[in-house]
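Biologist: I'd like a close look at one part of this protein, the cross-links between side chains. Could you walk me through them once the structure is up?

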Amino acid sequence: MRVDNQRRSDNFEDRGRGSGGGGGGGLPAAALFAILRRIGLRGILIVGVALAGVYFFAPPSIKNMIFGALIGGTPGQSTQASGSVCETEAEACDFSRAILGSTEDVWRVQFQQGRLPQYRTQTGTYQEPTLVVFQEAVNTACGTAPSSVGPFYCPGDNQLYIDPNFYDVMAQRLNAPGDFAQAYVIAHEVGHHVQNLIGATQIQVQGENQNQTSVRVELQADCFAGVWGHQERADLAIDESDLREALNAAHAIGDDTLQRESQGRINPSQFTHGTSAQRMRWFRRGFDSGDPRQCDTFQVANYNQL
């Protein structure tokens, strides 16, 4: 893929190093790639994602409390930042701004055309999120997060957060290298922002538990990431090798793959993000169709048919 011809988003903030209070390791509930390096990238996901489903049923005030409890610290707690992330991570910052700008262009049109699943919330005009880069820790409306939580979206402030070092983690620890795999990370978190705008994260599926609804939410975000890839396939020169990078990343963080590699067995009752096959399938569904309305995981009546 190429990004040299892509405009850079202005919705970008460099918080520097150590811009949040320290404390605790854990998992932000809506994050696809929430990974704690110090405990083991793959193993910690199994522990963390089990908490994710609780998040989607809580009102905003409780969501912030859950987020803060999971990742340590409380909203409003901060320490002084130092330095600039982009001084040392210029290429990663530039790439991230380019991908964010690309997602803005795509979702602005989708909202204008009303090409979205219809829930209780009126979609209106697309509200662009801000991408915040940081190192060590960051203060958010959802709590104070260390870099170890990986990329995440905070619905409390409509911002995406990422430590650019995570791109190296993907390649070296998750065996998911490639620029399109990195773009998939951002596009997935933007997918959570789209869900927040259209009310998808407020849906409770009757007869299902929290983990099952969490799977629906995560698979929809994967599909939305695929929609973005479809719409930008020509402009970003996305080819089959790029697609394989994204699908490889989706496979690497499937619940079944993570459980098998961390504990040697699979427990579907603990799934909160979907299997590797489901993640790949829903990303591919968005990528092949380019239509967000094809991403309505909540319309699949039988959970086992997702």
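Before we get to the links, what is the mean pLDDT of the protein, and what share of its residues reach 70 or more? After that, please take the disulfides one by one, then the salt bridges, and add whatever else catches your eye along the backbone.

Modeller: Sure. This is a predicted model, with a mean pLDDT of 82 for the protein and 79% of its residues at 70 or more. The stretch to be wary of is residues 21-80, where the pLDDT is below 50. That stretch still has 168 contacts in the model beyond near neighbours in sequence. Where pLDDT is low, though, the predicted coordinates should not be read in detail. I'll leave that stretch alone from here.

On to the disulfides. Searching the whole structure turns up three of them. If you number the bonded cysteines in sequence order, they pair 1-2, 3-4, 5-6.

Start with Cys86 and Cys93, whose sulfur atoms sit 2.2 Å apart. The torsion about that S-S bond is -90°, and the link of Cys86 and Cys93 is left-handed. Cys93 has a relative accessible area of 3%, so this residue counts as buried.

Next comes the disulfide between Cys142 and Cys154, at 2.0 Å from S to S. Here the S-S torsion is about 95°, which makes the link of Cys142 and Cys154 right-handed. Look at where the two ends are: Cys142 is in the loop between β2 (130-140) and β3 (143-146), while Cys154 is in strand β4 (residues 152-154), so the pair ties together parts twelve residues apart in sequence. Cys142 and Cys154 are both buried.

Then there is Cys223 with Cys295, again with an S to S distance of 2.0 Å. The torsion about this S-S bond is about -70°, so the disulfide of Cys223 and Cys295 is left-handed. Cys223 belongs to helix α8 (residues 210-231) and Cys295 to the segment after α11 (276-289), so this pair ties together parts that are 72 residues apart in sequence. Why does Cys223 count as buried? Because its relative accessible area is 0%. Cys295 is buried as well, with 0% relative accessibility.

Now the salt bridges. The whole structure holds 15 of them, and I'll pick out a few.

Try Arg108 and Glu128: their side chains meet in a salt bridge at 2.6 Å, N to O. Arg108 is in helix α5 (residues 90-112) and Glu128 in the loop between α5 and β2, so this pair ties together parts 20 residues apart in sequence. Arg108 is partly exposed, with a relative accessible area of 29%, and Glu128 is partly exposed at 33%.

Arg216 and Glu208 have another setting. The closest N and O atoms of this salt bridge are 2.5 Å apart. Arg216 is buried, with a relative accessible area of 0%, and Glu208 also counts as buried, at 13% relative accessibility.

With Asp291 and Arg293, the closest N and O atoms of the salt bridge are 3.0 Å apart. Asp291 is buried, with a relative accessible area of 12%, whereas Arg293 counts as partly exposed at 41%. Elsewhere, salt bridges with shared partners connect Arg7, Glu104, Asp105, Arg108 and Glu128 into one network. So the Arg108 and Glu128 pair described above belongs to that network.

You also asked about the backbone. Helix α7 (residues 179-198) is worth a look: its 20 residues reach 29 Å from first C-alpha to last, close to the 28 Å expected at 1.5 Å a residue. Of those 20 residues, 18 are buried, so α7 is largely enclosed by the rest of the structure. Gly199 follows α7, and its phi is positive, near 85°.

Two residues other than glycine have a positive phi that I'd point you to. For context, most residues other than glycine have a negative phi. Glu136 has a positive phi of about 75° and lies in strand β2. Ala237 has a phi near 55° and sits in the loop between α8 and α9 (240-252). At 35% relative accessibility, Ala237 counts as partly exposed.

Conventions. Residues numbered from 1 in each chain as written. Predicted model: local features only at pLDDT ≥ 70, side-chain atom pairs only at ≥ 80, totals over all residues. Heavy atoms only, no water. pLDDT = per-residue confidence, 0-100. Contact = heavy atoms within 4.5 Å. Helix = DSSP H or I, 4+ residues; strand = E, 2+ residues; numbered from the N terminus. Expected span 1.5 Å × (residues − 1). Buried < 20%, exposed > 50% of the residue type's maximum accessible area, 1.4 Å probe, protein only. Disulfide = S-S within 2.5 Å. Salt bridge = Lys/Arg side-chain N within 4 Å of Asp/Glu carboxyl O.
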